[in-house]
Structures are given as structure tokens and as C-alpha cells.
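The following paragraphs lead through one chain of a structural model, starting from a single residue and widening step by step to the whole chain.

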Amino acid sequence: MDVATFLIQCLNALQYGLLLFLVASGLTLIFGIMGVINLAHGSFYMIGAYMAFALAPIVGATFGGGFFATLLLGLVLAVLLGYLLEWAFFSFLYEREHLQQVLMTYGLILVFEECRSLLLGDTVHGVSPPDMLAGTIALGEMMTYPVYRLFISGVCLLLALGMYLVLSRTRIGMMIRAGSTNREMVQSLGIDIKFLYRIVFAAGVAIAVFAGMIAAPVSSVYPGMGNSVLIICFVVVVIGGIGSVRGALLAALLIGVVDTFGKVLLPQASGVLVYVLMALILLWKPDGLFKAG
Amino acid sequence: MKRSEVLFVVLAFAALALFPLVAEPYGIDRVTKIMVFCIFALSLELLVGSTGLVCFGQAAFLGVGAYAAVLLSPQDGPAALWWLLPVSMLAAAAYALFMGALSLRTRGVYFIMVTLAFSQMAFYVVHDTPLGGGTDGIYLNNKPVLGTLLDLDRPLPMYGFTLACLLIVFVLLALILRSRFGRALAGIRVNEQRMRATGFSTYPYKLAAFVLSGAIAGLAGFLFAVKDGFVNPELMSWHLSGEVLIMIILGGLGHLRGALLGAFVFAMLQEFFKSEAIFGDFAKHWHLGLGASIILSVALLPRGLVDVPHQVVQRLLGWRSNAPGGKGRS
Amino acid sequence: MTSGEVLLRAHGLSRRWGGLLAVDQVSLELQRGSVHAVIGTNGAGKSTLINMLSGELAPTGGRVELLGQDVTSWSQPRRARAGLGRSYQRNTIYPSFTVFENCRLAAQARTPRPWAWWQDARKCPTSMATAQTSVERAGLNDLRELAAGLLSHGQKRQLEIAMCLATEPDVLLLDEPLAGMGAEETERMLTLLAELKASHATLLVEHDMDAVFRIADCITVMVNGSVIASGTPDFVRNSPQVRVAYLGEH
């Protein structure tokens with residue numbers, strides 16, 4: 001592998017890792033704050049990708065808008081979906097055992113998959129990136145790299161930073177963190193915890209949908225994409241360590257590297273490599289890379 | 001077990017034993033399949049219902065057992081059942097040992113995630129690498145034989161053999177659960193902290209339960225492979241792991257007969273939603289009905305179907321009791 | 001069984017959490033036939049101390065000796081098998097099992113025999129007999145077939161002690177056994193503890209001062225992780241440091 005290819009793969013690994021980190025953050029946000037394990041999180045990612053595909057022509061025809069308008073519309077719809085879903089379904093899961101949450105959200109995956117199948121079919125689709133991001137950028141003399149992939153990496157990084165700032169520096173972030181450790185106390189302080197949870201859940205859904213939307217141009221849009229990303233998110237959380245954001249970032253990047261280079265160097269075993277990585281890390285550190293700080 | 005429970009189980013096995021007398025070959029084939037799932041569900045009940053370890057990777061053990069049966073069968077002639085069966089179970093048990101050793105250090109949701117991930121690992125090994133024959137799967141050319149006694153190619157002997165395996169597994173688990181080992185597992189499920197404070201090293205118990213569960217799931221996998229004569233990566237799909245979890249919660253956690261009931265009811269639900277006679281063209285979207293049923297049954301019947309008679313009795317007689325059964329389990 | 005024999009010894013136990021020293025160089029001894037109480041305000045480090053003695057938490061400094069052996073690196077189950085019993089502040093009973101089964105399962109830890117898969121656990125004579133003794137000793141014999149979750153709070157605390165006894169320990173670590181008990185239940189518990197005193201070495205962490213001064217032979221007072229006084233009840237009662245720091249700053 002020459003230097004140019006190596007660098008390109010590194011950038012690909014970074015982009016994939018950051019995207020994973022974003023999706024995993026949405027998952028752990030919901031789990032960390034509300035204690036709900038949501039298997040359907042991957043489905044939201046899939047919904048995002050299919051929305052990018054399905055909404056683009058509609059947005060183009062109605063407002064004459066392009067990619068970013070579609071993105072915005074998708075986000076709005078995602079927040080609405082998340083809000084409604086929390087009210088109608090997830091709010092009933094908070095008091096239940098993990099096993100019941102797992103199974104109920106598993107049922108939800110099936111429902112989502114079939115609804116998508118009914119509305120949009122099962123074919124694989126491609127989505128083009130917006131014109132302004134569609135080109136390549138020259139990195140040094142010998143290689144070029146797709147601008148859009150850099151865009152993904154940048155956006156994911158920004159969003160992750162944004163989440164961190166909101167949770168640690170703002171009042172609402174403080175309320176959210178307080179609500180996760182002591183629900184009754186927060187309620188007795190007059191803060192509407194139901195509303196808070198609904199917001200957090202909608203945010204988690206929006207993150208996953210957004211990730212799916214921006215990933216669509218590079219990963220294409222296909223039926224099983226939600227489930228694949230979900231399981232890899234689990235691996236991110238397991239490798240990273242319980243409740244550790246640092247760990248999740250490092251894990252996501254590690255997985256990005258292993259998966260990307262694995263596909264190039266050992267294509268036959270590429271699917272297994274991520275799990276081998278997980279097994280090795282668990283052997284070395286049974287609690288994951290970092291414990292919650 | 002209470003007398004009514006024993007009666008239910010005896011009647012169920014009697015019905016299964018007599019079923020071939022009245023059934024058509026298609027029915028025998030279907031019920032054989034369901035019985036294999038019963039064994040699969042029983043293996044998970046040991047882990048989830050009795051020990052409290054929610055494993056989302058049970059399909060891996062089924063798959064390893066199935067693939068072992070096919071891969072270890074010689075190409076030219078049938079293998080001898082007496083060694084192929086135990087070795088297949090051993091292979092599954094070995095994977096369970098590996099998975100358990102690395103997963104049992106984690107707790108709660110993380111345990112669920114790790115077990116799911118490890119079963120995906122097995123899936124990708126057979127799906128991607130040449131070891132497993134890829135997505136096409138592998139055929140079992142000759143089904144194993146027990147000398148000239150058993151021809152598993154014919155539906156009736158296969159049915160009988162499967163029923164015998166189911167009965168043995170059920171009785172074995174019933175004995176184990178009332179033994180010291182089984183009571184220790186129950187204690188770990190209810191309050192692991194107290195078990196440790198009392199002097200039980202809980203990790204070896206959990207690992208042993210894991211390995212035993214894996215072996216039984218491996219047996220189910222073996223039967224699967226032998227019955228169909230074919231294995232493919234779908235046997236290790238995490239959807240299967242999810243389905244078997246649903247079976248045991250549908251039937252009722254903490255009860256061996258719940259696993260049997262759940263496997264049968266789940267199979268019927270699938271048949272129902274797949275039925276073109278009822279749903280016509282929409283039947284190809286049967287996942288929708290199944291998904292909705294799963295959500296409803298977990299939401300409305302969290303204690304499963306075995307609890308239904310008790311709930312009915314309670315409502316009819318207007319009893320109010322604070323605990324599930326005043327006397328408690330002894 | 002000689003009275004006065006030291007069964008558990010803690011030497012300079014410390015526990016550090018990052019920058020915080022939760023327990024600082026605590027030493028104490030538990031002798032057979034005596035009750036050693038540990039008192040202190042909330043956050044004084046009592047829970048951390050008892051967790052280090054039981055084996056649930058590894059100390060960052062110091063040693064624990066049980067029956068003359070250094071058990072600092074031993075896990076909790078191993079120490080329990082060696083004769084260290086522990087009861088918890090919140091109940092750790094098995095609510096879905098009967099009272100009797102609670103004790104029987106605890107007793108089973110002594111003769112686990114996990115390989116005997118065919119034999120009914122209730123046919124094990126040793127665990128059945130030990131369980132019966134503990135149930136009677138805790139005064140719960142009439143309730144033995146009742147689901148433990150249905151007991152009153154006081155009865156559950158008694159069961160907690162009974163389960164402790166079912167493992168036939170030499171040392172008892174009791175974490176607030178009187179927590180949440182009314183006057184009558186407290187009396188019953190104190191009578192039980194007085195009965196157990198002679199044959200065990202007991203560590204008692206408690207907030208109920210009347211009870212502590214009644215039953216303890218030795219009291220250690222902890223504030224912010226350190227021991228500020230340790231001795232007979234009279235000594236502690238009259239100690240100026242204790243008066244100021246703990247018993248009330250008048």
C-alpha cells in the first residue's frame with residue numbers, strides 16, 4: 001500500500017469512526033439519561049437515510065431547495081417523530097426491566113422495517129451529495145479526497161462538541177444530567193421531568209436520523225443498514241467502557257481503523273475483525289477501555 | 001412443581017407422543033421443527049429465567065452445533081450418531097465457554113450487548129470466511145445413523161428422536177433446577193450480592209450455566225441440521241436470538257413449561273401472520289404483525305402465558321394478593 | 001472456643017478515591033465474646049470500612065487478618081467461607097423464596113456440592129439442619145413457609161441476621177441491623193445480638209446510640225475517615241474529641 005492510499009484509508013477510517021461515534025452518542029444519551037436500551041436506534045439511522053432519498057425530490061419540487069433544505073426538513077421531522085414516539089411508546093418503558101425494553105424495541109424494529117418496506121420498498125438506492133460538496137479536494141501533490149467525506153467528519157466532530165457543551169455547560173444540560181441520577185429530586189424542584197425526557201429522546205432520535213441522512217451519499221441506502229449500525233454501536237459502547245464518552249470516541253475510531261483497513265487488507269475476514277478487536281480488548285480490560293469518569 | 005403444573009407437562013408430552021397417529025406428514029414435519037425450537041428455548045430459559053443472565057446471542061450456540069454437525073460429517077458416508085451428536089454439543093459448549101468467559105465480567109445492558117456482539121462474530125465467521133461456506137450454506141449429504149436402528153431421513157423416526165431429546169432435556173433441566181446447583185443459580189438471579197456474602201463464588205456457577213445452556217442449544221442446532229440437511233448463516237442471525245428470547249418471555253420466564261408454550265405459540269403466530277389465506281398479498285409483510293404482537297405481549301403479559309390461568313382465577317374470585325403467590329417458592 | 005481470642009484484625013486500612021481519602025489508617029480488633037461498635041456521622045467512612053473488611057472493596061493501604069491469616073487479597077466469598085458473615089443495611093434477602101429457603105440457601109454455601117445435579121437440594125441434611133437452627137434462633141420459625149417478601153420490615157432484618165448465621169460464621173459484620181425498626185423490634189433484635197455475643201466476634205455499625213452504648217464492649221468513633229477515639233463506652237462517652245466532633249457540639 002503506498003502512502004497516498006494509506007492516507008486516504010486513514011481519512012476514511014476517521015470519517016467512519018466519527019459517524020459511528022455520533023450514532024453511538026445518541027444511543028448512550030438515551031440509555032444514560034433515561035435508562036432505556038433502545039434497539040430501534042439503528043432503525044432511526046435507516047429512516048434518516050431513506051428520508052434523504054425520499055425527501056430530496058419533494059424538497060426540490062416544492063421549495064426548489066437542495067441537500068441542505070432536505071437535511072433541515074429531515075431534522076424537523078425527526079424531532080417530531082422522536083417527540084411523538086416518546087409520548088406514545090417509550091415513556092412506558094422507563095419503569096420496565098431491560099429485557100422487556102429490549103424485546104419491545106425489537107418489535108419496534110420489525111414494525112419500522114415493514115413500514116419502510118410498505119412505503120418505500122426494499123430496493124437499494126443511491127443518494128448524491130450536494131453539488132457544492134460533490135467534488136474532490138487535493139491533499140498534497142499526489143492524491144485527491146472527496147470533499148463530502150471531509151464534510152461528514154467535520155459535521156460529526158462539531159455535533160459531538162456541541163453535545164458536550166450543551167450537556168456540561170448549559171442549564172438544560174445540567175437538568176438533564178441531574179434527571180438521570182435523581183429523577184424524583186429533579187421533579188420536586190419543579191422541573192417537568194417528562195418534558196425533559198421527551199426532549200432528550202427527540203434529540204437522540206434526531207442525532208441518529210441526521211447521521212443516517214448525511215451518511216446516505218457514502219453508504220447508500222439499503223434495508224439492513226439500521227441493524228448493522230446498531231450492533232456496531234453496541235460494540236463501540238462495550239469496547240469504550242461503561243458510561244465513558246472518551247472511551248466511546250476512542251472505540252469508534254479504533255473500529256473505524258480496523259474496519260476500513262480490514263476491508264482493504266483482509267476482505268474475507270473484514271466482518272469478523274471488529275469482533276475480534278472487541279474480544280481482545282475484553283481479554284485485556286474486562287470493563288472496556290475506560291470506566292465512567 | 002405444583003401438581004397442576006406437572007399434569008400440564010405430562011399431558012403436553014403425551015399429546016406430542018400421540019400426535020403422529022393423527023397427523024399428516026406436513027404436520028409431523030412442522031411439529032418436529034417446533035420441538036427443536038422448544039429445546040432451543042429451554043436452553044435459553046436456563047440462562048435467562050433461572051439464572052437471570054439475559055443473553056442475546058443464543059443463536060450462536062445453535063449455529064455452532066448445526067455447523068459442527070455438517071462440517072464434521074464425512075463426505076462419503078453417514079456419520080455415526082453416537083459421536084457426532086456429543087461432539088456437536090461440545091463445539092457449541094466450547095463457544096459458550098469462550099463467550100461466557102469474556103462476557104460474564106459485564107453486567108446488565110452491557111452483558112446483553114456483549115453477547116449480541118459475540119454471536120455476530122460467529123455469524124460473520126460463517127458468512128464471510130470460506131470456513132462456513134458463505135451465504136449459500138452447506139448441505140449435509142448423509143444424515144447420521146445409529147447403526148441400523150435409526151433412519152433420520154424419514155419423518156417419523158426424526159420426530160421420535162427429537163421428542164426423545166426434548167423429553168430428556170426437560171427432565172434433566174427440571175432435576176438440575178431443583179438441585180443445589182439450580183438453587184444456587186436461582187439465588188444468583190434474585191440477589192447475587194447475598195450469594196457472594198454467604199460464600200458462593202458466583203462466577204463459576206454463571207459460567208457453568210452458560211456452558212450447559214450452550215450445549216443444549218447446540219443439541220437444538222444439531223437436530224436442525226440433521227432435519228433440514230442444510231445449514232446457512234441465518235441460523236446464527238441475531239434475529240433468531242431475538243425470537244428465542246421472545247418465545248421464553250411469551251411463555252413465561254422462570255418456568256420450564258413456559259419455554260415449551262412460548263415456542264409453540266410463537267410458531268403459531270408466525271404461521272398466522274405469514275398466511276396468505278388470511279392476509280392475501282399483505283402476508284409478505286408478516287413482520288409487521290409479528291412486531292406488533294411482540295410489543296403487545298411484552299407490554300400486556302409481562303409474566304407470560306403460564307401466568308394467564310393464575311390471573312384469570314384471581315380476577316374471577318376477586319382475590320387481591322400483594323405477592324405472586326403468598327406461599328413463595330421453596 | 002476461647003473468649004477474648006482475636007478473630008479479625010484490621011491494620012492501618014485506608015481507601016483512597018482519586019483525591020479523596022475515604023478511610024485513613026483505621027485499625028481495629030474483633031474478639032470473640034465481645035461487640036465492637038463503629039459509630040460516626042454520615043460520610044465518616046463506616047460503609048467503606050465494613051466493605052473492606054468483608055472483601056467487597058479492596059483497600060489502597062493496610063491489611064486485614066482473619067483468624068490469623070492475611071486475607072487482604074481474598075474475595076468476599078472466600079472470606080465468607082472462612083468464617084466471616086455480613087449483614088447489610090438494606091435487606092439482601094430473597095423476597096420470592098420462603099423464609100426457610102432463604103436460610104437453607106445461605107447454609108448451602110458451606111456444603112455446595114454443585115455436581116450432585118440429580119439430588120433435590122432440600123434432601124441435603126446439613127443445609128436443612130443449619131437452616132432450621134438459624135430460623136429458630138432468629139425467632140422466625142412460625143413464619144418459615146411464608147414468602148420472605150411478605151415479612152414486616154423488622155422481620156426482614158431478623159431474616160437478614162438469620163441468613164448470616166446460617167453460614168456458621170465466627171465473625172459477624174453487622175451493618176445497621178436496627179435500621180428502620182420500631183421500639184419493640186429493636187428490643188427483639190438487641191436480645192438476639194446479646195445471645196450471639198458470646199460465641200461470635202461482632203462488629204456493629206449503628207446510628208442508634210442507646211443501643212450502641214447498651215450492647216457494645218468497645219466503641220470506635222470515626223470522623224472523615226479517621227478514628228478519633230476508640231475504647232470502652234465510658235471512655236468514649238467522656239472523650240472531649242468525641243463530644244466536640246460527634247456527640248453534639250453544644
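In this predicted model, a useful place to begin is C:Val38, which stands opposite C:Thr220 in strand β9 of chain C. The two strands concerned, β3 (residues 35-40) and β9 (residues 218-223) of chain C, pair in the parallel sense, and 5 bridges link them.

This pair belongs to a wider arrangement, for 6 strands of chain C form an open sheet in the order β6-β7-β8-β3-β9-β10, with mixed pairing. At the edges of the sheet stand β6 (84-87) and β10 (226-231) of chain C, and because each has a single partner strand, one side of each is left without a neighbour in the sheet. Taken on average and with direction ignored, neighbouring strands of this sheet are turned by 15° against each other.

The edge strand β6 of chain C also takes part in a packing with a helix: α5 (residues 153-165) of chain C lies across β6 and β7 (171-175), and this helix runs at about 170° to β6 of chain C.

Turning to the chain as a whole, the secondary structure of chain C comes to 9 helices and 10 strands. Its radius of gyration is 18 Å, close to the 18 Å that the globule rule gives for 250 residues, and chain C is therefore as compact as a globular protein of that length. The C-alpha trace of chain C spans about 60 × 40 × 40 Å along its principal axes, and buried residues make up 46% of the 250 residues. Of the contacts in chain C between residues at least 6 apart in sequence, 68% join residues at least 24 apart.

Key: Residues are numbered from 1 along each chain as its sequence is written. Chains are lettered from A and ligands numbered from 1 in the order in which they are written. This is a predicted model: local features need pLDDT of at least 70, side-chain atom pairs count only at pLDDT 80 or more; totals for chains, interfaces and linings use all residues. Two strands pair if DSSP finds at least two bridges between them. Helices (H or I, at least four residues) and strands (E, at least two) are DSSP runs, numbered from the N terminus. Axes are lines fitted to C-alpha atoms, for helices over the stretch in contact, and angles run from 0 to 180 degrees between N-to-C directions. Two residues are in contact if their C-beta atoms, placed from the backbone, lie within 7 Å. The radius of gyration is taken over C-alpha atoms; the globule rule is 2.2 Å times the number of residues to the power 0.38. A residue is buried if 20 or more other C-beta atoms lie within 10 Å of its own, exposed if 12 or fewer, and partly exposed in between; C-beta atoms are placed from the backbone.
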